[in-house]
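User: I have a model in front of me and would like to learn how to read its surface, its helices and its aromatic rings. Could you take me through these features in turn?

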Amino acid sequence: QDSPLKAVQMLWVNLIMDTLASLALATEPPTEELLQRRPHGRDHPLVSPTMLRNILGHALYQLLVIFTFLFAGAGGPTGTHGNPRESGG
């Protein structure tokens, strides 16, 4: 079985995606409030309760959408859920 992407192609995809993400983070200037804030201590959690709530909320939303498409989807014009062998044609 041959991989759809070769190793060099995977490296290029990784390089491009990481570059775009780092540019998005680097182009926003820091605010004065952020620069004057004291650093967080070692015993403070990395993920705050608000961040955890947002992460779990988005995960549940995405699961709901995916399972809705998976189990309640019409399956397209043939009604076979994407399996051409079941369409009879």
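Analyst: Accessible areas come from the Shrake-Rupley method with a 1.4 Å probe. This is a predicted model, and its chain exposes about 8,800 Å², of which carbon and sulfur atoms supply 66%. Buried residues make up 1% of the 89 residues in the chain, where buried means under 20% relative accessible area.

User: How many helices and strands does the chain have, and in what pattern do they follow along the sequence?

Analyst: The chain has three helices and zero strands, and read along the sequence it follows the pattern α-α-α. Helix 3, with 24 residues, reaches 33 Å from its first C-alpha to its last, which is close to the 34 Å expected at 1.5 Å a residue. Because the number of buried residues among its 24 is zero, helix 3 lies largely in the open.

User: What is the mean pLDDT of the chain, and in which helix is confidence lowest?

Analyst: Where pLDDT is low, the predicted coordinates should not be read in detail. Here the mean pLDDT of the chain is 82, and 81% of the residues reach 70 or more; confidence is lowest in helix 1, at a mean of 86, and highest in helix 3, at 94.

User: Which residues make the nonpolar surface patch?

Analyst: A patch is built from residues with over 30% relative accessible area. In this chain, Leu5, Val8, Met10, Trp12, Val13, Leu15, Ile16, Met17, Leu20 and Leu23 make a nonpolar surface patch of about 1,000 Å². To take one of them, Ile16 belongs to helix 1 (residues 7–26) and is partly exposed, its relative accessible area being 46%.

User: And the aromatic rings: which residues form a pair, and is that pair stacked or edge-to-face?

Analyst: A pair of aromatic rings is described by the distance of the centres and the angle of the planes. The count comes to one aromatic pair, formed by Phe67 and Phe71, with 5.9 Å centre to centre and 25° between the planes. The pair is stacked, because planes under 30 degrees apart count as such. Since Phe67 and Phe71 are four residues apart in helix 3 (residues 49–72), about one helical turn separates them. As for their surroundings, Phe67 counts as partly exposed at 43% relative accessibility, whereas Phe71 is exposed, with a relative accessible area of 67%.

Definitions and conventions
Residues are numbered from 1 along each chain as its sequence is written. This is a predicted model: local features need pLDDT of at least 70, side-chain atom pairs count only at pLDDT 80 or more; totals for chains, interfaces and linings use all residues. Side-chain values use heavy atoms; hydrogens and water are left out. Rings of Phe, Tyr and Trp (its six-membered ring) pair if their centres lie within 6.5 Å; planes under 30 degrees apart count as stacked, over 60 as edge-to-face and the rest as tilted. Helices (H or I, at least four residues) and strands (E, at least two) are DSSP runs, numbered from the N terminus. Buried means under 20% relative accessible area, exposed over 50%, partly exposed in between (1.4 Å probe, protein chains only). Patches are made of residues with over 30% relative accessible area and no salt bridge: like charges are joined within 9 Å, nonpolar side chains (Val, Leu, Ile, Met, Phe, Trp, Tyr) within 5 Å. A salt bridge is a side-chain nitrogen of Lys or Arg within 4 Å of a carboxyl oxygen of Asp or Glu. pLDDT is the predictor's confidence in each residue, from 0 to 100. The expected span of a helix is 1.5 Å times one less than its number of residues.
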